Structures are given as structure tokens and as C-alpha cells.
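Good morning, and thank you for coming. I would like to take you through one chain, beginning with a term that the discussion relies on.

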Amino acid sequence: MTFLNLIALSLVIPIVVSFITLLGFYLYYRKKPKVDKGFKFAYYALSYRRKFWRTVYSMPICIISIGVIYLTLGFSKLFIFITFFITILFAIQATYNYVMWQRELKQ
């Protein structure tokens with residue numbers, strides 16, 4: 001097995017396992033009532049309001065992660081891409097959860 005095949009397997013296997021796990025959580029929690037008070041570890045069991053606030057208070061973890069990536073990679077094109085990608089993902093997730101939370105309030 002070549003070095004590139006090993007790298008490909010080391011990337012593909014975690015991605016497939018993560019996808020299967022996320023799909024399992026989604027299917028398990030989709031018909032269950034959502035929690036709006038108290039602590040709940042499972043993200044899928046939260047209401048959109050709680051998902052929004054979990055996204056907001058996980059942003060410091062994101063900033064620390066970007067700092068660690070900067071210390072590891074330095075200021076490179078890869079660092080700029082990773083920072084941009086993480087920032088866009090957090091913005092999309094926060095916006096989506098906020099919009100869905102407001103729709104729940106109207107219903």
C-alpha cells in the first residue's frame with residue numbers, strides 16, 4: 001500500500017464513521033420532543049433556541065482552535081482558508097438556528 005493510499009484511508013474512514021454517527025443521531029432524535037431548559041448533551045435533542053445559544057457560546061472554542069492552528073501552521077494560505085471556512089460555517093449555523101428559532105416563535 002502506498003503512502004497516498006494510507007493518507008486517503010486515514011481521511012475517508014473518519015469521515016464515513018462521522019457521517020454514519022450523525023445520521024444515526026438525526027434518525028434517533030427527529031421524532032422526540034426537543035429540550036428547551038436544562039442541560040442536554042445531544043445537540044439533536046435541543047430546540048432551535050438552544051442550538052443557537054450553543055453555537056454562540058462555542059465560538060470562544062473556535063477562536064482558541066484558530067489560534068492553535070496559527071501557532072502550528074503560521075500565517076499561510078492554508079491558515080487563511082481554514083479560518084475563512086470555520087468562520088463561514090459558524091455564521092451559517094448561527095443564522096440558520098436563529099431563523100428557525102424565530103419561525104418556531106411565530107407558530
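A residue counts as buried under 20% relative accessible area and as exposed over 50%, and whatever lies in between is called partly exposed. Arginine 49, with a relative accessibility of 27%, is therefore partly exposed. Please keep in mind throughout that what you see is a predicted model.

Let me begin with the overall architecture. The chain contains four helices and zero strands, and in sequence order the pattern reads α-α-α-α. How does the radius of gyration relate to that of a compact globule of 107 residues? For such a globule one would expect a value near 13 Å, whereas this chain has 18 Å. The C-alpha trace spans about 55 × 35 × 20 Å along its principal axes.

Burial and contacts come next. Of the 107 residues, 18% count as buried. The chain exposes about 8,700 Å², and 75% of that area is supplied by carbon and sulfur atoms. Among contacts with a separation of 6 or more, 37% involve residues that are 24 or more positions apart.

I now turn to helix H2, which comprises residues 48-57. Its buried residues are Arg50, Lys51, Phe52, Arg54 and Thr55. Helices H3 and H4 are included in what covers them.

Lysine 51 deserves a separate comment. This residue of H2 is buried, yet it has no salt bridge. Which side chain of opposite charge is nearest to lysine 51? It is glutamate 104, and the distance is 8.0 Å. A salt bridge requires a side-chain nitrogen of Lys or Arg within 4 Å of a carboxyl oxygen of Asp or Glu. Leaving aside neighbours within four places in sequence, the contacts of lysine 51 are Tyr43, Tyr44, Leu46 and Asn97.

How many salt bridges does the structure hold? There is one. Arginine 49 forms it with aspartate 36, and the closest N and O atoms are 3.1 Å apart. The two partners are 13 residues apart and link distant parts of the chain: arginine 49 belongs to helix H2, while aspartate 36 lies in the loop between helix H1 (3-29) and H2. We have already met arginine 49 as partly exposed. Aspartate 36, at 33% relative accessibility, is partly exposed because its value falls between the two limits.

Let us proceed to the aromatic residues. The structure holds twelve aromatic pairs. One of them joins tyrosine 48 and tyrosine 96, whose ring centres are 6.0 Å apart and whose planes stand at 80°, so the pair is edge-to-face. Here again distant parts of the chain are linked, since tyrosine 48 sits in helix H2 and tyrosine 96 in helix H4 (residues 77-106), 48 residues apart. Tyrosine 96 is partly exposed, with a relative accessibility of 44%.

A further pair consists of phenylalanine 52 and tyrosine 98, with 5.5 Å from centre to centre and 55° between the planes, and it is classed as tilted. Phenylalanine 52 lies in H2 and tyrosine 98 in H4, so this pair ties together parts that are 46 residues apart in sequence. Are its two members buried or exposed? Phenylalanine 52 is buried, at 13% relative accessible area, whereas tyrosine 98 is partly exposed, at 40%. Elsewhere, Phe25, Tyr28, Tyr29, Tyr43 and Tyr44 form one aromatic cluster. Tyr43 and Tyr44 have appeared already, as contacts of lysine 51.

Finally, I would like to consider two separations in space. Methionine 59 is found in helix H3, which covers residues 59-73, and is partly exposed at 30% relative accessibility. Its C-alpha atom lies 7.8 Å from that of phenylalanine 90, with their positions 31 residues apart in sequence. Threonine 83, in helix H4, is partly exposed at 21% relative accessibility, because the limit for buried is under 20%. Where does threonine 83 stand relative to proline 14? The two are 69 residues apart along the chain, and their C-alpha atoms are separated by 22 Å.

To close, I return to helix H2. Its links to H4 include the pair of tyrosine 48 with tyrosine 96 and the pair of phenylalanine 52 with tyrosine 98. Its arginine 49 provides the salt bridge to aspartate 36, while its lysine 51 is buried without one. Thank you for your attention.

Technical notes: Residues numbered from 1 in each chain as written. Predicted model: local features only at pLDDT ≥ 70, side-chain atom pairs only at ≥ 80, totals over all residues. Heavy atoms only, no water. Helix = DSSP H or I, 4+ residues; strand = E, 2+ residues; numbered from the N terminus. Buried < 20%, exposed > 50% of the residue type's maximum accessible area, 1.4 Å probe, protein only. Lys, Arg positive; Asp, Glu negative; His and termini not counted. Contact = heavy atoms within 4.5 Å. Rg over C-alpha atoms; globule rule 2.2 N^0.38 Å. Areas by Shrake-Rupley, 256 points an atom, 1.4 Å probe, with all protein chains shown as cover. Phe/Tyr/Trp six-rings, centres within 6.5 Å; stacked < 30°, edge-to-face > 60°.
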